[in-house]
Amino acid sequence: MNKLNHLAIIMDGNGRWAKSKGLIRTNGHKVGANVVEDITSYCCQKGIANLTLYAFSTENWKRPKSEVDFLMNLLEKFLIEKRENFVKNGIKFHTIGDLEPFNNSLKNEISNLKNLTANCDKLNLILAINYGARDEITRAVNNALQSGENISEKSISSHLDTSEFGDVDLLIRTGGEQRLSNFLLWQASYAELYFTPTLWPEFTSKELDEIISSYQKTHRKFGGL
Ligand code: IPE
Ligand code: IPE
Ligand code: MG
């Protein structure tokens, strides 16, 4: 049975879910944020060490300002509301992506939650925000060069935002699109990929459990036999 050390999810389909219910797109994001809690607690119960969730890409700034603002506020509220739950359940909060463009209030809440959960050790919850794999790899190579290192796979990996979490084992995308949208391109080189038509607001821990069961039975070859 394959071990699952690092699970990554592209949480897609919020807007379409809202539209299908006759609601505005932002309602989908609100419901989607609640699904994060259910999926996170499932991962805690299952003993999965690292869960990376794609919440906002470097490309998502192209959306209307009103939607971007809504997402930033929702994220800040999420970080405040989840404090108790994270500490109680041993969830250590991390981010990947470039935090520089975020406003100070959001930056403060990000570092508050990181500090508050610094000693938690059940699950690493890694939120990808203003994350793009090309941006991450470019920053990693520049940092390696600045440290005077020779560029190798090892040196690049060690400078990636995910250096402490390791390669992705299973990458799931909800919402039916079959693309990676600039997510973890380096780390998912040998990940098992799973695309489900389920829109993120309707994704459940039951479906995740089924996907993981099928992942565990896959023959992972890594180029060998
Ligand atoms: C994913 O849902 C959430 C973010 C990218 C922030 P979308 O907002 O992309 O929803 P669809 O794909 O338009 O349905
Ligand atoms: C990917 O979804 C980014 C997140 C889920 C945060 P998008 O909806 O932005 O991706 P595209 O535009 O369909 O590729
Ligand atoms: Mg989308």
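Which pocket is the space taken by ligand 1? The space taken by ligand 1 is the largest pocket. The structure is a predicted model. This briefing covers the residues around the ligand, the polar contacts and the record's annotation.

**The shell around ligand 1**
- The surrounding residues are Met-11, Asp-12, Gly-13, Asn-14, Gly-15, Arg-16, Arg-25, His-29, Ala-55, Asn-60, Arg-63 and Leu-71.
- Sorted by class, 5 of the shell residues are polar, 4 are charged and 3 are nonpolar.
- Helix 1, residues 14-20, and helix 2, residues 25-46, each contribute at least two shell residues.
- Helix 1 provides the largest share of the shell, with 3 residues.

**Polar contacts and cover**
- At Asn-14, a backbone N or O atom lies 3.2 Å from an oxygen atom of ligand 1.
- At Arg-16, a polar backbone atom is 2.7 Å from an oxygen atom of the ligand.
- At Arg-25, a polar side-chain atom lies 2.8 Å from an oxygen atom of ligand 1.
- On its own, ligand 1 has 380 Å² of accessible area, and the protein covers 87% of that area.

**The annotated residues**
- An unreviewed UniProt entry carries the annotation "binding site" for Asp-12 and Glu-192.
- Of these residues, Asp-12 is included in the lining of the largest pocket.
- Asp-12 is located in the loop between strand 1, residues 6-10, and helix 1.
- Asp-12 is also one of the residues around ligand 1.

How values were computed
Residues numbered from 1 in each chain as written. Chains lettered and ligands numbered in written order. Predicted model: local features only at pLDDT ≥ 70, side-chain atom pairs only at ≥ 80, totals over all residues. Heavy atoms only, no water. Near = heavy atom within 4 Å. Polar contact = N/O pair within 3.5 Å; in protein donor to acceptor, adjacent residues only side chain to side chain. Areas by Shrake-Rupley, 256 points an atom, 1.4 Å probe, with all protein chains shown as cover. 1 Å grid on protein atoms, 1.4 Å probe; cavity = no way out; pocket = protein on both sides within 12 Å on 5 of 7 lines; lining within 4 Å. Sits in = over half its atoms within 2 Å of the grid points. Helix = DSSP H or I, 4+ residues; strand = E, 2+ residues; numbered from the N terminus. Nonpolar A, V, L, I, M, F, W, Y, C, P; charged D, E, K, R; others polar. UniProt positions renumbered as here; feature names shortened; annotations may be inferred.
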